[in-house]
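Reader: I would like to learn how to read the features of a model made of several chains, beginning with the contacts between chains. Could we go through them one at a time?

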Amino acid sequence: MKVDRRSFLSLLIGGAAGTALSPLPWKLTDDLSIWTQNWPWTPVPPRGESYYETTTCTLCPGGCGIKVRKIDQRCVKIEGADEHPVNKGGVCILGLSGLQLLYGPTRIRTPLKRVGKRGEGKWEPVSWDQALTRLADKLKEVRAQGAPEKAACLLDSSRGTVGHLFRRLMTVYGSPNFFTMPSVEDAYRAALKLTQGIEARVGFDLENADFVLSFGCGLLDGWGSPVRVFKANSTWKENHATVVQIEPRLSNTAAKADHWLAIKPGSEAELALAMANVIVGRNLYRSEFVDGFCENFQGLKRILALHTPEAAAAATGLAPEVVVKWAVEFARASRPVALYGRGQGRTAAGSLRQCMAVMLLNALVGAVNRAGGMWTVPDYDYIGWEEPELDEVARAGLERPRADGAGSGKYTPASSLVQRLLGSGAGQLPEVLMVARCNPLYSLPENGAVKDNFDKIPFVVSFSSFMDETAANADLVLPEHVYLERLEDVPVTAGLSCPVIGLCQPVTEPRWDTRSLGDVVIALARKIGDSAAAAFQWDDYEACLKETLEDKWDTLEERGFWYDAEFRPPAWEDGEGKFRLAGGKLDEVLQADEIVPAGDPAKFPLILVPYDSIRLAHDYIGDPPFMIKAVGDDVLKGKDVCVQINPATARKFAVSEGSIVQLITPVGKARVRVHLDEAVMPGVLYVPRGLGHTAYDAYLAGKGINVNALIGSLEDPASGFDAAWGIRAKLAKV
Amino acid sequence: MDSALIPEGVKRCPTWKFLLALAIAGAVLLWGVVAMLMVWFKGLNQTNMNDYYGFALWIWADLAFIALGGGAFFTGLLRYIFGIKELKNIINYAVLIGFICYSSALLILAIDIGQPLRGWFIFWHANVHSMLTEVAFCLSCYFAVLCIEYLPLVLENRQLDKVPFFHNLSHNMHETMAVFAATGAFLSFFHQGSLGGVAGVLFGRPFAFRTGINIWPWTFFLFTWSAAAYGPCFTLFITWLTEKITGKKLVKDNVVELLAKIAGWMIITYVVAKIIDTVYWATVTAPSLGFKWTFFYSDNPLYGKWILLTEIVLCGIVPGLLLIFGPTRRNPAARVIALLLGVLGVSLNRWVMVLQVMAVPVMSFDKWVLYYPSWQEVATTLLPVAYGVILILISYRYLPIFPQEPELNPIAPYTPANGAEATAGGQAGDESETEAVGQAAPAGA
Amino acid sequence: MSSQEDKVKTLSETPADCQAGQGSGGGPFIVLFFIIGFVASLVVGWVIFPKVLYSQKSQPFDFNHRLHLEQVDDGCQSCHFFREDGSFAGVPKLEQCIDCHEDVQGESEDEAVFVEQYVAKEREVPWLIYSRQPNCVFFPHAAHIFGAKLECRTCHGDTGTSESLKPYEENRITGYSRDIWGRNIAGFKSNTWDRMKMDDCAQCHETAGIHDSSVQTGRDACFVCHK
Amino acid sequence: MKQEQTQHRPKRYGMVIDLDKCTGCGSCMVACMAENNVSFKKDESDKLLSITWMRVYKITNGKPFPDTDICYIPRPCQHCAGQHEGHSPCVSVCPATATDYSRETGIVSQIYTRCFGCRYCMAACPYHARYFNWWDPVWPDGMEKYLNPDVSPRMRGVVEKCSFCFQRYQAAKNKAYLEGRRELEEDEYQTACTQACPAGAIVFGDLNNPDHLVHKMVDPDLKHGGRPRNPEVFRLLERLGTNPKVYYKSGRQWVRKAGDNYLPGEKPGADMHKSHS
Amino acid sequence: MFPFCFEWVWDMGHLVFHGGLWYALSIIGMGMTYCIIKAVIDTRRGGSSHH
């Protein structure tokens with residue numbers, strides 16, 4: 001038998017026929033396609049029992065109640081808690097992205113000690129004990145020099161037990177330098193102090209207002225407690241309330257408002273005062289309030305005399321009739337309210353004059369402590385700890401002036417002026433700075449100066465859960481739990497009309513070797529020892545919390561929040577209080593100079609104004625991947641941020657859609673992409689806050705520019721607040 | 001060294017020239033294969049397609065190849081069903097070109113889909129209401145027919161033909177070819193048509209959408225008609241190119257002129273239908289959906305009104321008339337220009353029906369999008385071209401494709417006529433594909 | 001259809017070659033080779049291929065369903081229960097087993113393994129699930145048990161009364177349990193529980209005949225069983 | 001056999017989005033991504049390559065400053081019914097029956113394991129509601145932990161789109177079966193975007209059910225493809241005859257006009273309800 | 001593609017489509033079978049009998 005070509009061919013044909021009649025080719029074809037349906041590199045989420053756990057979101061000051069859907073031990077989704085008084089089931093874009101923060105790659109997994117140069121990114125993991133010892137030693141060292149005021153801490157706010165624990169620690173330690181990050185709430189608080197002489201916060205009964213006059217307040221761009229304001233806006237739509245937005249740019253708020261008054265940036269105070277002038281001049285004010293409960297109406301009249309509609313028209317660019325028209329409509333509405341804002345209002349307190357002018361409008365129409373108006377809400381008073389015993393060093397330290405000057409002299413209205421300290425470099429920089437729940441190195445204006453000043457602080461400690469800019473430039477990082485892992489009280493302010501305390505409860509085991517910030521403070525105090533240790537006698541933070549919230553704890557644990565639905569501000573008829581309209585410091589505030597943006601108009605023909613977008617988180621939390629994905633291509637394209645510019649202005653400066661240009665201001669310059677937009681006023685450039693991170697992950701870092709690096713700060717002459725709303729700018733070819 | 005394989009009675013270029021040509025075309029092929037493998041292994045992210053441009057260069061190439069390959073079915077139809085005997089002298093080449101076009105089209109489809117290993121779902125889990133299903137079935141079946149038509153030609157290779165079984169098989173297949181050709185024509189009618197239907201049924205895309213008969217939009221019929229009209233143009237054009245490159249007369253003028261004349265009438269009738277369709281679409285269909293026809297040509301110069309004019313007048317009416325009128329048809333230069341215009345015209349039509357459909361926004365607030373292909377797409381699109389060149393090189397060298405070649409080019413004795421034609425061959429070769437073949441050319445002389 | 005004259009010439013030139021070649025090969029051998037190729041590939045396809053395709057894995061330890069079924073009151077659902085939201089818990093978690101098996105109950109070695117390796121160490125048992133459907137499948141047990149009143153046996157066969165666990169066979173390409181395609185490599189089945197492919201679901205749904213929501217197929221719409 | 005089917009009334013799940021309430025905040029987009037395991041890449045700024053089942057378009061009235069106006073249009077899959085129930089632009093063209101229309105729910109399904117990625121459906125969809133997985137989905141290390149097991153993650157090379165959170169319907173049905181019910185209450189099945197919308201701008205329910213809010217808001221003309229009878233309500237590209245089940249509501253004329261195409265000089269509404277045959 | 005496929009429906013669309021398809025396929029199949037069988041027979045009868 002010879003195996004020749006033909007035999008071989010025959011064998012092959014036989015083989016092919018046999019194979020075709022066997023399952024091999026068919027099953028293989030099927031299985032290969034099934035393989036593509038189950039590629040091992042495409043994740044398969046494990047199945048399991050589905051249930052919800054509720055907690056409070058702390059990603060912004062809004063204080064929404066959230067429920068976390070879990071599958072066995074995994075958190076898979078964040079939804080709004082239906083029963084919660086703040087958000088009633090709604091949830092914002094940042095709240096929805098929370099799990100990306102919990103499970104994301106930017107989490108700091110263990111305490112870290114810097115080993116390379118600052119900001120170089122070289123770290124050595126250390127134990128909690130080592131880290132706390134190192135910090136305590138540093139603090140003891142400073143104290144041993146007899147200068148406890150040289151230790152400082154900076155928090156997002158002083159609210160709640162954690163804020164108070166920090167404050168207590170600074171007190172027993174002997175430092176007056178407890179700083180908080182600025183926000184428009186500071187201005188409201190100062191205005192309240194000046195007009196009513198009380199320490200309280202401002203709330204707005206938005207839901208019941210029927211005419212909302214918003215002076216640049218980003219109601220739908222994340223101001224206040226965003227979900228609550230969104231819901232209020234829907235209520236306005238249903239009730240046919242009138243919303244007037246006063247702003248140079250057609251923001252989302254302006255777009256959704258019934259009327260948009262596009263005024264020149266920075267002229268809000270002029271407009272408010274002119275409206276007050278019209279209301280007074282036409283006798284449209286509520287006399288039962290103004291005559292009954294206000295002081296110094298005559299003084300106000302004198303001041304207002306200068307602020308004619310014509311003057312306002314010149315300043316704002318509106319026609320005088322328009323000023324009059326809206327003043328009249330505002331005054332004639334049955335439940336009007338005027339709001340002071342500036343986007344989300346979380347970067348600076350702004351001009352006290354402007355805030356005051358808006359508040360006066362409310363007073364003139366009697367919208368103070370009335371349904372649908374501006375309410376005075378007392379501060380939460382549940383923290384009733386005994387005053388700590390102070391030693392000699394502490395008492396001496398506390399006597400010394402605050403490094404930022406807040407609360408004294410010219411700066412009396414302010415309680416914290418971190419921008420003055422870190423931005424302008426006024427005052428003595430601390431030796432040790434502890435930073436928690438904020439990211440000053442990113443979110444304070446005059447970013448370059450802040451960075452320089454930071455570099456001069458010998459020892460910086462960050463408690464951040466994420467490797468943000470401040471943590472990246474710290475000497476020691478003691479990462480705290482993220483909100484989904486911790487137990488904590490969340491007293492909500494954010495313009496709520498009623499007091500709400502949320503409870504942040506752990507919905508998952510801590511993912512990494514992190515700790516609750518309260519526990520860290522207590523442990524730190526113990527390490528410092530002596531009077532500090534004595535002032536922190538709680539077993540741990542949980543014990544402290546339960547003890548502090550004693551009477552509310554059961555409610556908090558059961559419902560996840562405590563809510564005083566019955567709260568109403570004190571009626572004027574019942575009290576002794578008066579609303580001061582003018583006189584003294586008030587006159588000084590109202591007659592303060594207008595805030596003029598820095599820079600020579602001849603050299604910088606344009607004005608740059610930062611804007612807030614709800615899709616861009618711009619304070620402590622950076623945009624998680626979901627959010628950055630939701631950012632439009634008219635805001636961010638590739639790595640370039642878009643500068644919004646009116647087409648007319650673009651023509652004038654010969655730039656076109658999509659072109660890459662240099663945006664230059666007196667304090668910095670950056671590469672941006674031109675986006676022509678009829679929504680912005682000619683001559684004004686807009687760049688969003690929240691981009692240009694150098695820290696965080698590859699989904700966020702390196703995209704766009706940090707507008708804080710392009711703008712400076714301007715001190716409000718009456719309060720010391722940072723009142724800059726923009727800066728002079730120009731465009732240049734790259 | 002391969003002389004034993006070369007058909008009797010014809011002369012071919014030296015082996016080294018042949019191999020050099022193969023190597024050049026092979027290099028392009030290899031480049032395409034690399035791109036193809038990148039796409040298969042890394043996914044379609046290797047292309048510049050996007051969610052708006054889900055159909056792009058490949059699909060255009062696919063549609064164009066199929067239209068140009070339409071010469072095979074139409075010539076087959078004329079030859080076997082209508083019994084036009086003369087066409088037997090060009091049918092082999094028409095079949096070969098068709099075979100290349102269709103195999104390329106299938107390959108492109110296999111590269112184009114996101115999940116190639118699931119490609120068979122289109123058959124197994126077929127949704128018969130989809131035009132693409134119809135395309136896939138008819139395309140595959142017709143490709144089988146083309147294989148059957150090409151096979152006897154392969155078996156006629158001098159060595160293979162020595163095997164009696166192959167010889168007999170080849171003979172029998174020739175005998176029954178009319179049946180296959182009829183089936184092929186039937187299938188072609190449907191897949192050419194359904195390719196037109198692919199765009200025409202998109203009632204969400206007013207630029208593509210056409211009304212029609214029952215489930216078949218007018219584009220269904222227009223595509224079939226245009227493939228029948230322009231496919232032979234491509235066959236004739238490639239034949240002319242081959243003649244130029246080899247420097248030999250391969251098909252007699254009467255055959256060429258006959259097919260050209262038929263193509264001319266087909267083009268003219270097609271263009272008339274196309275004009276009627278366009279007018280109806282522009283004045284009735286599109287306005288009923290809220291679009292003025294000029295809107296579709298309004299955004300950028302690439303998709304301007306010139307495109308419609310070029311397609312209908314320059315690449316439709318002009319070649320049609322050139323081929324119908326005897327004097328221009330008989331003039332080789334005018335004829336070739338007409339053929340080339342025809343080839344461009346049908347390619348342009350397919351381009352518009354794929355690429356421009358994707359570019360035009362439908363929602364009033366949507367934007368026009370433009371797209372440019374990535375190198376991987378270009379390489380993968382050139383792959384079939386290189387493969388076609390190689391297959392033509394091999395087939396021409398080893399198979400008796402042109403029955404009239406020995407008669408027109410007797411090896412000896414030398415005649416002045418042959419010599420004159422041979423020198424004409426030197427002119428060819430400015431495109432890369434022709435260059436490759438060009439290497440093999442002088443040997444014919 | 002190239003010129004036949006050529007062919008005739010070609011053939012007539014080499015008739016000897018042809019005839020010789022044909023003669024020497026011999027018919028029977030050609031057929032023999034065909035048969036060898038045919039049979040060999042059949043053996044490969046039907047016998048060797050399935051053996052190569054599936055890998056055998058053993059369960060962490062053996063389990064006696066019959067024994068457990070005798071001990072409980074509520075049949076299969078005693079352990080394989082429904083959660084309050086209507087979802088099916090599937091294979092029990094350690095938590096449930098622990099109620100009885102905190103300590104070793106009987107004498108079986110497997111139980112000892114369970115208690116020592118899993119209960120004591122609080123590790124979930126990594127059971128290999130024969131009937132695990134791929135991720136794209138949404139199979140609502142509730143609809144079948146409460147809605148259609150099916151018995152477990154219809155799909156799961158006699159697992160409930162088995163005394164030990166069979167080896168788990170995994171398709172090396174797809175990662176599926178062999179029980180999805182069925183034991184028979186050709187895909188033939190004689191009982192409803194022999195296979196768990198989509199066609200088997202469809203068959204039963206068609207028999208039940210209550211669904212015709214799909215526009216495309218006139219059967220159940222895709223989203224009834226897919227996610 | 002068929003009798004039992006007709007006993008329970010088929011649903012037509014649909015959505016109304018109040019564009020005057022919608023603030024363009026993007027919560028719906030992210031709620032959808034989080035619910036449906038939508039993947040993300042390092043750069044998502046090329047919106048032609050960015051998978052967003054729910055995409056919020058920003059439209060303007062085109063007038064110069066300060067007469068400019070902006071509106072946001074959230075665009076999920078429109079779940080078109082087509083000229084006759086189920087003849088959606090995409091369903092009819094899918095060659096492998098990977099996308100289907102359910103007569104019982106009116107939902108257009110997409111089966112990722114069946115899809116072989118020909119993208120014909122994407123070419124057919126005028127709303128660009130369909131997205132192709134050009135890349136393998138990759139979650140940064142650890143983030144795959146939040147994936148929802150009720151929705152299968154998609155592999156590279158297939159098309160995906162909004163499913164009206166069908167997994168939530170399945171879950172609700174599960175519960176109903178357990179409780180011996182067949183019908184669902186209005187609030188038992190709501191999409192993730194509806195639930196999340198902080199402005200309460202999205203309403204979801206059964207258009208066939210007069211008790212459901214969607215029905216009340218739209219007042220659909222069910223004999224004519226569900227055309228809205230409420231003059232403030234419109235659908236995108238009504239004239240194409242796609243008969244979507246996503247409705248939009250706006251008091252602003254220019255917004256309603258932007259929902260469709262009109263010839264120069266043509267008045268909206270004149271020809272709106274005439275569809276081609 | 002086949003009546004036992006999940007997607008198969010006994011309706012006009014399928015009958016026309018698959019009718020046409022299988023008709024064409026069977027013609028092709030039968031044609032090829034005829035050619036091959038005839039070629040085998042021709043070869044058995046001894047070479048190129050048709051000449």
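Reader: How many residues does each chain bring to the contact of chain A with chain D?

Author: Two residues are in contact if their C-beta atoms, placed from the backbone, lie within 7 Å; by that criterion chain A contributes 63 residues and chain D contributes 51 residues. This is a predicted model, in which local features need pLDDT of at least 70 and side-chain atom pairs count only at pLDDT 80 or more, while totals for chains, interfaces and linings use all residues. Residues are numbered from 1 along each chain as its sequence is written, and chains are lettered from A and ligands numbered from 1 in the order in which they are written.

Reader: Which element gives the most to the side of chain A that touches chain D?

Author: Helices (H or I, at least four residues) and strands (E, at least two) are DSSP runs, numbered from the N terminus, and it is α8(A) that gives the most to this side, with seven residues. By class, the side of chain A that touches chain D has 36 nonpolar, 14 polar and 13 charged residues, where Ala, Val, Leu, Ile, Met, Phe, Trp, Tyr, Cys and Pro count as nonpolar, Asp, Glu, Lys and Arg as charged, and the others, Gly among them, as polar.

Reader: Between which chains are the most contacts found?

Author: Among the nine pairs of chains that touch, chains A and D have the most contacts, whereas no contact joins chain A and chain E, whose closest C-alpha atoms lie 14 Å apart.

Reader: How should I read the packing of two helices, such as α21(A) and α23(A)?

Author: One considers axes, which are lines fitted to C-alpha atoms, for helices over the stretch in contact, with angles running from 0 to 180 degrees between N-to-C directions. Here the axes of α21 (residues 517-528) and α23 (residues 541-548), both of chain A, come within 8 Å and cross at roughly 105°. That makes α21(A) roughly perpendicular to α23(A), a label for angles of 65 to 115 degrees, as against under 35 for roughly parallel, over 145 for roughly antiparallel and oblique for the rest. On α21(A), Gly518(A), Asp519(A) and Ile522(A) meet Tyr541(A), Cys544(A) and Leu545(A) of α23(A), and the residues of this contact divide into four nonpolar, one polar and one charged.

Reader: What does chain D contain in helices and strands?

Author: Chain D has seven helices and twelve strands, and its C-alpha trace spans about 50 × 50 × 40 Å along the principal axes.
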